Structures are given as structure tokens and as C-alpha cells.
Amino acid sequence: MKKSKKKFTVGQIILNALFVLVCLTYIVPFILLLSISFSSEGAIKEYGYTLIPKAFSIEAYKQIFNNPQMLINAYITTIIYSIGGTLIFLFITSLTAYPLSRRNYKLRNFTTWYLFITTLFGGGLVPTYLINTNLLHLDNTIWIYILPGMVSAWTVIIIRTFYQGIPESLVDAAKLDGASEFRIYFQIMLPLSVPVLASFGFMTLVGKWNDWNTSLIYITDTRLFSLQFLLQKVLREAEILNKMAEQGLSTYDIPTETMRYAMAIAVAGPMLFIFPFFQKYFSKGIMIGSIKG
Amino acid sequence: MSKIDVQHINKATKIKRRNDTTNFQLFLLGLPGMVAVFIFHYLPMFGIIIAFKKFNPNKGLFGSQWNGFDNFEFFFTTPDAVRIIRNTVLYSIDYLFLEMVFSVLVAILFYNLISRMALKVYNTIMILPTFVSMVLIAYIVYAMLNPAMGILNRYLGMIGLPNDVDWYSTPAAWPWILTVMKIWNVVGMGAIIYYAALMGIDESLFEAARVDGANKYQQMWYIALPHLAAIIAIQLILGFGSIFNGDFGLHYQLTRDVGTLYPTTDIINTYTFRGLKDGNMSVSAAVGLVQSVLGVIMVLGVNLIVKKISPENSMF
């Protein structure tokens, strides 16, 4: 139906025009952020934010890179816990899923229920906070970003379903050759599930990269702020910007308003640039996620 | 005992032993995950006891004094209770329905695009917000709404409307702002599911409808929409399961946690978070427990309904 029809009918032109308008509501806001960051503080104060800088200036970037230690720390922290956390998550989650896919595993039912209950009911914010801080002392450590999220019951169930789809004869053949369960998991199952894990991995990575809640609740040590949390601080508190700016500049001269947006670009820019290349894996992940276990 | 019997018994014990080893190995493989789930999911459930205690930071979770249902009583006698529960539920319903309507609409429009290339570009652009954090979206909102420099006030001024509204101290505007931003945020992703369902419709149905003289609009209304009905119903019903769980990121970041806006923006999730930050651990935990229990009831109820009408879509 689609191929046989012409592309340039009135209907198609209207439809495309509509979508172009909708898409502009997605692109223009980001251009606005970019444009403000490249404006001079004076122009912003006088004319307000504009889509095209009234007076072009890179002063804001100069100021945030004048004392970039905080930004660099946030990048390092975020990169370490995002990649580390994602790898640990994928490993533990698939490791937990494998035994559940084996029909003759005795604890199969018990484990399924044990995991399933956690999807229904949780401790809630405060009890979780008290356990993580008073009992486990994870606050103000990088582990708080990595450990609590290292296994997700939903993901376990979806990956288990994937493992169940792998012919059992493969396992039987390996067992006949004397392979242990460890070997079957590491040399057969894990390599076979790489494509599925990659989809989940990408979604998890994006989630961790964009995490600000964890810092908000557990971190007071500025060296361990996540990127997004640093960005939130910058939006709400001018003191952080004053620390970054050139020493000796009077508070009035610090271009706080444009610096905020320069920070937004410095934090979100790389992700927005990389994003289109990975988008198809993301859509794939959504589809896998929506097929239930 | 005959030779055959001995062999038989040996074989049986061998199989049993092999099964035991297999089970043990599988158990070991699953162990790290089980331990992690226990520590990070089950321990906090025991931590709920704090909702029945008067929390004392010096004595900690276990040392604090019990006080029965005092925390619950305290919460339900404050005006906050009605406000946050009302806000949470109303926003959830608002988001749930509008997200569905707009996602279906966008999916149908996607489906009618002939150029695959254009479809891909539009789709990619519309899921952009999914890749950025709520913090960056808060920046966008701030750039629009900033009273002195924001875009919105300037454009309102241009068309002759009052241009000095301080949006961050106008609670009445926020249900609109939050709804628009929520839909803007999720519609690209939401449309993908419905679009996939549309792709599964047999083309010959549309062909036949066209031969019978149905126009595009009629084809969508009488063929496409009925095909989506089941999935729409399921999405709505499942959505009702999490009606007591608000969108913390949206409500906390976009409003910049401004107190003046609480009457229209405060939800259970932001309330419990504030309780945590202010040290009102016990009341906050009590509210969290109420939320969890209501959540479980909703999910179980919803699942019961789904099981009745469409068993293959039920969660358990």
C-alpha cells in the first residue's frame, strides 16, 4: 500500500508539515539553550533570552572552564559508575536469569516468587534510605550508584524468557560432553544473549547517565556528584558558579545566567551528539521490554 | 542381589547425584542475585518498622521508640494528606489518558506517512527527551518561564497579554505546564508501541475498504482504531495500577521545588522526599507505606480485571 502511492499528494504535504512543526517544538528548546550559552550576559539582561544571540560571546564557557575541577570530577564519577554499574547490572541480572530458565531446577518456583514479590511491594524511600546509610554505610561512596540497582526483577524475568527460547538440546549436548553449569552459562548462554543484553545495557546506561536522584538523596561530597546533579545545583544555587568563575571577579561581574546554560551544554551536549547513532538500539529495547515474560 | 539390580541402583544414584550437582551449581549461579535482592529489596521492607516508631537519629532504626499508629494519625490530620493524595491521583489520571490519546494519534499519523525516511527522522527527534535528564528539561522550562528573561512572557507581551507573570509563584498555571511537558516528554516513546501494533494489521483490510470507497479518515476510524482497542484498554488498565505513584522527577525538577507551588504540584513522592530531607523520617515512612499498600491493592485489582477480560495480558 505504501509503495504504490505517490509521496507528493496534498494530504502527505499537510501531514509532513504538521510533523515538521511538532519536531520544531523538540529542537527549538535545545537551540535556545545553546543560543543563551553563547550570548553575552549584558544582552540577556537587556533583551531576555533569544533564539539567536543578540551579542555573541564565549565568556560563559571561559568562566566554567576557568576552574573546571568540579565538572571534571562529575564527568569522572558519572563515567565510572555508569559503565561499571551497567556491566555489573547486566552480569548479575543474566546470571540470576539463567537458573530460572532451567525446567528441572528445584528452586525455580521459589526464586521466581522471591523476585516477583519485590516488583509488587517495596520498602519505600525512607526505609531504603535508612538501610543504605545506617546499616550499609553506602552514602557518600561511589557504590551507592552501583550496588542498589544491580539486579532488577523485571529484567531477570524477561531475560529468563529469552533463555527459555534457546533449545534445551544445546544444554543437554553440553552436559553429555561433561560441561558443568558454570561452563554452560559462561560459554554458551552468556555469549548467545549478548544482543538482548546490549539492548538492556544501552537503556540502563542512559538511565544511569541521567541519574540525579541518587546524588540528591545520598551524596554530600562534591567530588562524588553525578553530572546531572551538579547541573541541578547550578540551576538552583549561584554559589557553585561563583566557585567556578575566575577569582577576584566581583559577584556582579560573574555571568551567572549564561554560565548556567553553558553548563547545561557542557553536561548534556556530548549525550545529545552521540544519541542519534544509538537510537535504533533504544527502540529495540523498548519493544523487548514491552513483550512480557 | 543380582548383578543387574546393583547396576540399576548404581545408575539411579549416579543420576540423582548428577541432578544434585546440577541443582547445586544452578543455585550457586543464582546466589549473587538472590543476595543482592535480599539486601537491597527485602531489608528495606523490614525497615518499614520505622513507620511505627518515633525516629531518633542517635538511636537509629532499631533503637528508636515504638509509637504505634501515631505517625499515620499525624499525617492524616494535616491538610497535606488530602492535598497530596488528590494531586497524585488526579495527575496520574490526567497523564495516563492524555498520554494514551496523543500516543495513539501520533502513531496513526506515523502510519499514514508514506516516506519511511521522514518517519524515521520524526520519530528520532520526538524521542529526544527520553535521552536527556529531567534536569535539562527543567532548564528548558526555566528558559521559557523565567519571569524577566523568559521566552513565554515576551511572546505573551507581543500579542498584547500581560507579560510580567511570575510563573514560579502562580500555582494555577502548573497543572497545564506539567501536563504539556509530560506529554511532550513521553509521546515519542508512547507512539512506538501503538505504531508497532498498527504495522501488524493485515494490509488487505485497508485495500478492501478502499475498494469499497472508504477514505483515509474512515479507514483509520473503522479499521485501525478498533485494532488498537485491546492494547489501549490494557495500557489504561495497567496504568491504573500505578495511580498512586507520581512522577517525582517531573514534579520536583520542573517546579524547582518552589514552596508556593505546592498546592497544585505537591504529590506523595515529593512529600515523602521532603520528609526525608527535613528529618521527618517516621511520618515520611508512614506516608510511603500507605502509598505502597494502596499501590499493591491497585496492581492486584487491576490484574484481576485483566485476567478476566484478556488472560494473555495479565501480569501473573
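Biologist: How many helices and strands are there in chain A?

Modeller: Helices (H or I, at least four residues) and strands (E, at least two) are DSSP runs, numbered from the N terminus. On that basis chain A has 15 helices and zero strands, while chain B has 15 helices and two strands. This is a predicted model, in which local features need pLDDT of at least 70, side-chain atom pairs count only at pLDDT 80 or more, and totals for chains, interfaces and linings use all residues. Residues are numbered from 1 along each chain as its sequence is written, and chains are lettered from A and ligands numbered from 1 in the order in which they are written.

Biologist: What does the radius of gyration of chain B say about how spread out the chain is?

Modeller: The radius is taken over C-alpha atoms, and the globule rule is 2.2 Å times the number of residues to the power 0.38. For the 316 residues of chain B the rule gives 20 Å; the radius of gyration is 27 Å, well over that value, so chain B is more spread out than a compact globule. The C-alpha atoms of chain B fill a box of roughly 105 × 75 × 35 Å along the principal axes. For chain A, the radius of gyration is 25 Å, whereas a compact globule of 293 residues would have one near 19 Å. The C-alpha trace of chain A spans about 75 × 65 × 35 Å along its principal axes.

Biologist: Which domains does the assignment give for each chain?

Modeller: Domain bounds come from an automatic or database domain assignment. In chain B, domain 1 covers 3-66 and domain 2 covers 77-313. Their centres, taken over C-alpha atoms, are 39 Å apart. Six residues from domain 1 of chain B and five residues from domain 2 of chain B take part in the contact, where two residues are in contact if their C-beta atoms, placed from the backbone, lie within 7 Å. In chain A, domain 1 consists of 10-67 + 237-290, and domain 2 of 69-218. The centres of these two domains of chain A are separated by 34 Å, again over C-alpha atoms.

Biologist: How many residues of chain A are in contact with chain B, and which element gives the largest share?

Modeller: The interface joins 74 residues of chain A to 73 residues of chain B. Elements giving two or more residues to the chain A side include α1 (10-37), α4 (69-101) and α15 (256-290). The largest share, 13 residues, comes from α1(A). For the classes, Ala, Val, Leu, Ile, Met, Phe, Trp, Tyr, Cys and Pro count as nonpolar, Asp, Glu, Lys and Arg as charged, and the others, Gly among them, as polar. The chain A side then has 47 nonpolar, 20 polar and seven charged residues.

Biologist: What share of each chain is buried, and which residues touch the most other members of the largest nonpolar core?

Modeller: A residue is buried if 20 or more other C-beta atoms lie within 10 Å of its own, exposed if 12 or fewer, and partly exposed in between, with C-beta atoms placed from the backbone. Buried residues make up 39% of the 293 residues in chain A and 32% of the 316 residues of chain B. In soluble globular proteins, nonpolar side chains tend to be buried together. A nonpolar core is a set of buried Ala, Val, Leu, Ile, Met, Phe, Trp, Tyr and Cys residues joined through C-beta atoms within 7 Å. The largest one here has 86 residues, of which A:Leu33, A:Met263, A:Ala264 and B:Tyr139 touch the most other members. Residues up to four places away in sequence aside, B:Tyr139 touches A:Leu33, A:Leu235 and A:Ala264. A second, separate core of 28 residues includes A:Val126, B:Tyr91, B:Tyr95 and B:Ile268.

Biologist: Where is A:His137 found, and is this residue buried or exposed?

Modeller: A:His137 lies in the loop between α6 and α7 (143-146) of chain A. It is exposed, because 11 other C-beta atoms lie within 10 Å. Most residues other than glycine have a negative phi. Phi of A:His137, however, is positive, near 50 degrees. The loop between α6 and α7 of chain A also holds A:Asn140, whose phi is positive too, near 55 degrees. With 14 other C-beta atoms within 10 Å, A:Asn140 is partly exposed.
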